[in-house]
Structures are given as structure tokens and as C-alpha cells.
Amino acid sequence: MLTTYMSVTLGMLLLSGVIAGTLMSGFVMREEKQNIANEIGIVTELYFNTTSSVAGENAALLELNTIARHYDGLIQIVSVDGAMAQYASGSKWNEVMNVRYTQEEISRMLIAVSDLDASSVRFAQEKGAFQMLIGTKPVIQDGVATHVVRFYVDTTQARGAVGMVYAEVVLVSLIAVLISVIAVYYTTARLTRPFMEINEIVQKYAKGDYNIRIPISSVEESTQLALSFNNMADQLKDLEATRRSFVANVSHELRSPLTSMKGFLEAMQDGTIGPDEYEKYIGIVLSETKRMAVMVNDLLDLARIESGKTALKLEIFDINELIRRTLITFEARIYEHHMEVDVKFAQEQYYVEADSAQISQVLRNIIDNAIKYSPDDSKLRIATYAMKREIYVSIQDSGQGIPEADIPHVFDRFYKVEKAHTPSTQSGTGLGLSIVKRIIDQHNQTITLKSTKGKGSTFTFTLKRAPVPKRAPAADGGKKNGT
Ligand code: ADP
């Protein structure tokens with residue numbers, strides 16, 4: 001850009017300089033010639049028409065001298081026989097003055113001018129010790145050419161003036177070029193800076209360093225680009241952080257059970273654990289294997305939901321019925337822990353529009369946690385009710401509860417409240433609730449958690465209410481409030 005601007009500016013300035021100089025020099029020379037032509041006329045008039053009195057003659061001669069001095073020139077009045085009267089501005093004309101014209105030269109001057117109108121002036125330009133312009137005019141008296149008046153003018157000064165104009169044009173051009181170069185440099189630098197910066201920063205991103213941002217300086221067009229760019233970098237950074245922590249978590253979660261299983265199996269192989277203890281340790285290894293299988297399944301579920309590959313299979317179904325069926329699958333564990341289950345449906349049937357397989361998983365994960373994190377003989381309350389266009393499902397336990405500080409994080413992947421001390425039978429994968437959250441998000445619904453440490457937790461989620469299907473099974477009255 002800089003080179004283009006500079007060449008164009010320089011080219012234009014030089015062109016205009018040359019044009020201005022040529023015009024100027026043409027103008028100066030034309031002026032000079034015009035002056036000479038005028039003065040030759042005056043000289044002829046003075047010399048040939050005012051010689052009647054001595055005083056007049058003297059005055060005329062004085063005038064001729066004045067004219068010669070004024071133009072720094074030489075006036076010659078050459079008679080056809082070769083006699084000359086000369087008036088010069090100074091000694092520099094001596095050389096010219098000493099030259100005598102031959103008869104031939106005078107004839108040539110007269111012949112040359114006789115073709116012309118008698119009053120016209122012919123010009124010759126001569127280069128000697130200095131540059132001069134010579135005007136020649138024949139004097140014709142009574143139809144006969146008697147004299148030739150020649151006016152030599154030193155044009156060195158006039159040419160010098162033109163040269164100075166040239167020099168000035170060049171100087172001004174150089175200054176203009178310098179100023180435009182500076183201006184163009186700053187403009188192009190300002191225009192290209194954001195792109196150079198983005199370029200440098202992108203190269204850093206490519207190396208995995210997402211911390212640098214483009215400094216946002218002013219309200220240029222590039223600011224918008226910089227803003228979008230920084231925004232993109234923030235998202236990339238978050239994504240990268242999530243990916244790293246996810247990989248770290250998965251590796252950790254898989255490594256610990258694998259290490260302990262490997263340890264037990266090696267100890268069994270080398271005899272550290274005797275055959276009488278095999279049963280106990282095989283039990284541990286089996287439960288670890290199951291836990292890993294659960295985790296891998298959870299991870300696969302999560303990956304499927306997050307990749308968006310599982311399009312929701314929306315259907316209209318009775319959520320109360322789904323809750324009943326789900327609770328049946330937990331019957332054995334509920335009995336085992338002597339839990340008291342209380343189910344309250346505000347209305348016998350609540351039709352919702354959702355993916356029933358996925359909502360079933362939501363129920364299973366929440367109920368599983370409620371049983372897992374509650375002591376024996378505790379209570380589990382499940383309720384459904386309608387509000388506006390939503391159906392609310394709330395699952396409340398009277399278990400250990402979740403500390404306030406952990407509440408915002410329980411839906412995060414791999415987040416566990418009891419970090420290392422959780423007994424292995426109870427410890428989960430930390431993925432259950434994040435799957436729940438992703439499913440509810442996919443349905444564009446909400447899930448909330450209220451919990452008090454030591455008292456219990458309540459998970460409440462919403463579902464989109466649907467109209468009762470035309471061929472809905474008739475409500476069978478007596479089943480309210482129970483499983
Ligand atoms: P996990 O597989 O460990 O249960 P979740 O994502 O289901 O993972 O839950 C995350 C954490 O939230 C659990 O580790 C547990 O500490 C806590 N939590 C979840 N549900 C309950 C609950 N009903 N009562 C107490 N704590 C709970």
C-alpha cells in the first residue's frame with residue numbers, strides 16, 4: 001500500500017512540476033521577446049525620428065543608454081554600409097561590440113527580414129559566454145532599407161528565474177512526498193495493525209496458548225472483528241479447559257479402580273492373598289468392574305446427549321405412570337433400606353410431551369441418588385403438580401443433604417460432594433446428575449435443587465404439559481396416592 005501510494009504521489013508531483021516548469025519557462029521567454037520587440041520599436045523611433053535638434057538628440061541617446069542598461073543589453077544600429085552606433089549596459093558586451101559585420105552579413109540580415117513585414121522583429125538565441133536573445137529589425141526609409149537595429153538581451157537572469165521555479169517545484173514536491181509518506185505510513189499502519197496482531201495471536205492459539213486477547217483501542221471497523229475474535233478465543237479457552245479437565249477426570253476415574261484391581265489380582269497370583277481370602281477380593285474386583293461399566297455407560301450416554309446425535313423422540317405420555325413404573329424397579333432397594341415412600345399426584349393423570357426413555361433415566365438417576373445418599377428408615381416423597389403450561393415433578397429425600405457450597409456444582413461432570421472418603425459401594429461416578437441436567441436442558445425445561453445439610457434434598461424439574469390424548473385409557477379412580 002505504502003509503495004503504491006508513494007509512487008502515485010511522487011509521479012503526480014513530478015508530472016505537475018514538469019508541466020509547471022515548462023509553462024513557466026515558455027511564459028518568461030514570451031514576455032522577454034515581447035519586451036524586446038516593444039523596445040526595438042521605441043529605439044527605432046527614438047533614433048530615427050528625434051534627431052532634429054541637438055538637445056533632442058542628446059535626450060534620445062540618453063534614453064537609448066537607459067534602455068540598454070535596463071535590459072542589461074546592447075543596442076546596435078547598423079547602417080547598410082557597415083557603420084555602427086552601439087549602446088551597451090556594460091563591459092560584458094565588449095566582445096560582441098568589437099565584431100564588425102561584413103557586407104554579406106548585413107545583406108543576409110536585410111534579405112532575411114525583407115521577407116517579413118517591415119515592423120516585425122526576428123529573434124535568434126545565442127549561447128556564448130552567456131545566454132542571449134537577439135532581436136533584429138530593419139529600418140526602411142522611403143521604401144529603401146537603410147539600417148538594421150539589433151537588440152541583444154542577456155537572458156541568463158530570466159533563465160535563472162525559471163531554474164529557480166524548477167528547484168522550488170522539486171523542493172515542494174519532496175516536502176509533499178515526505179508528508180504524504182508519513183501520513184500514508186500511519187494510515188496503513190493503523191489499518192493493518194489489527195490484522196498483524198490477529199495473525200500473531202492466531203499463531204499463539206495454534207500452539208495452544210489461549211490467554212492472549214486483541215487490545216481493543218478505538219471505534220474502527222476492525223474493533224468489531226477484534227471483539228468477535230476475542231469472544232471466539234474465550235469460547236475456545238473454555239472448551240479447551242473443559243476438554244482437559246474431562247480427559248483428566250476420565251483418566252483418573254478409570255485409573256484408580258484399575259490400579260486397585262491390578263494390585264489385588266497380582267497379590268492373588270503371587271500368594272500374598274491366600275485362597276481362603278479369594279472370595280472377598282474377587283467380590284471387590286467384581287464391584288469395581290461393575291462401577292467401571294456403569295461409568296463407561298454413563299460416559300457414553302453423556303457423549304451421545306452432548307453430541308446432539310440423539311434427537312429427542314417426543315411423545316405424549318402420562319408422567320405419573322412413568323414414575324410408578326420406575327419406582328417398581330427400585331422396590332428391592334427400597335425394602336432393603338426400609339424406606340418410606342410417599343407419592344402424591346395432584347391429579348390422577350398428567351400428560352406431558354417429552355422423550356419418555358430419557359425422562360425415565362432422569363427419574364432413575366435422581367431416585368438412585370436419593371436412596372444412595374440417605375440412611376436406612378428415611379423418607380422419599382415424590383409429587384407431581386401442574387402450574388400454567390408445565391408439570392412439576394419433585395423428588396424429596398430426608399437423607400444427608402448437600403452443603404450449600406456444593407449445590408451449584410452437583411450438575412457438573414465428575415462432581416462429587418464426598419471427594420475421597422466415600423465408601424466404594426456408595427461412591428458413584430459423578431456423572432448421574434450431569435446427564436440429568438443435559439436431558440432437561442435438551443427438553444428446554446428447568447431443574448432446581450433445594451438442599452440442607454443433614455436434612456435432605458429436593459430435586460424439582462419441569463415438563464411440557466400436553467393435552468390428554470383422544471384415546472387415553474380411562475382413569476381408574478382408586479389408585480391415587482400410592483404405588
Ligand atoms: P454420583 O454418581 O456420584 O452420585 P451424581 O452426579 O449423581 O454423581 O451426583 C453428584 C454428587 O451430588 C454426588 O456425589 C453426591 O455427593 C451429591 N448428591 C446427589 N444427589 C444427592 C442426594 N439426593 N443427597 C445428597 N447428596 C447428593
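**The ligand shell and two helix pairs**

Let me begin at the ligand, where one of its oxygen atoms lies 3.1 Å from a polar backbone atom of glycine 430. I should say at once that this is a predicted model, and the distances I quote are computed from it.

Glycine 430 is joined by a further backbone partner: a polar backbone atom of valine 417 is 3.1 Å from an oxygen atom of the ligand. A side chain takes part as well, since asparagine 369 places an N or O atom of its side chain 2.8 Å from a ligand oxygen. As for burial, the ligand taken alone exposes 530 Å², and the protein buries 97% of that.

Let me widen the view to the shell. How many residues surround the ligand? The number is 20, and the closest are Asn369, Tyr373, Asp397, Thr429 and Leu433. Sorted by class, the shell has nine nonpolar, eight polar and three charged residues.

Which elements supply at least two residues each to this shell? They are helix H10, residues 356-372, helix H11, residues 432-442, and strand S12, residues 456-465. H10 gives the largest share, with three residues.

H10 also leads us to the helix packing. In general terms, two packed helices are described by the angle between their axes and the distance between the axes. For H10 and helix H8, residues 319-329, the axes come within 10 Å and cross at roughly 50°. Angles between 35 and 65 degrees count as oblique, and H8 and H10 are therefore oblique to each other. Their crossing is right-handed.

I turn now to a second pair, helix H1, residues 2-49, and helix H5, residues 156-206. Their axes are 9 Å apart, and the helices pack at an angle of about 165°. With angles over 145 degrees counted as roughly antiparallel, H1 and H5 are therefore roughly antiparallel to each other. H1 passes H5 in a right-handed crossing. The contact of H1 with H5 has 19 nonpolar, eight polar and one charged residues.

To close, I return to the ligand: the protein buries 97% of the 530 Å² that the ligand exposes when taken alone.

Methods: Residues numbered from 1 in each chain as written. Predicted model: local features only at pLDDT ≥ 70, side-chain atom pairs only at ≥ 80, totals over all residues. Heavy atoms only, no water. Near = heavy atom within 4 Å. Polar contact = N/O pair within 3.5 Å; in protein donor to acceptor, adjacent residues only side chain to side chain. Areas by Shrake-Rupley, 256 points an atom, 1.4 Å probe, with all protein chains shown as cover. Helix = DSSP H or I, 4+ residues; strand = E, 2+ residues; numbered from the N terminus. Nonpolar A, V, L, I, M, F, W, Y, C, P; charged D, E, K, R; others polar. Axes fitted to C-alpha atoms, helices over the stretch in contact; angles between N-to-C directions. Parallel < 35°, antiparallel > 145°, perpendicular 65-115°, else oblique. Left-handed = near helix turned anticlockwise from the far one by under 90°.
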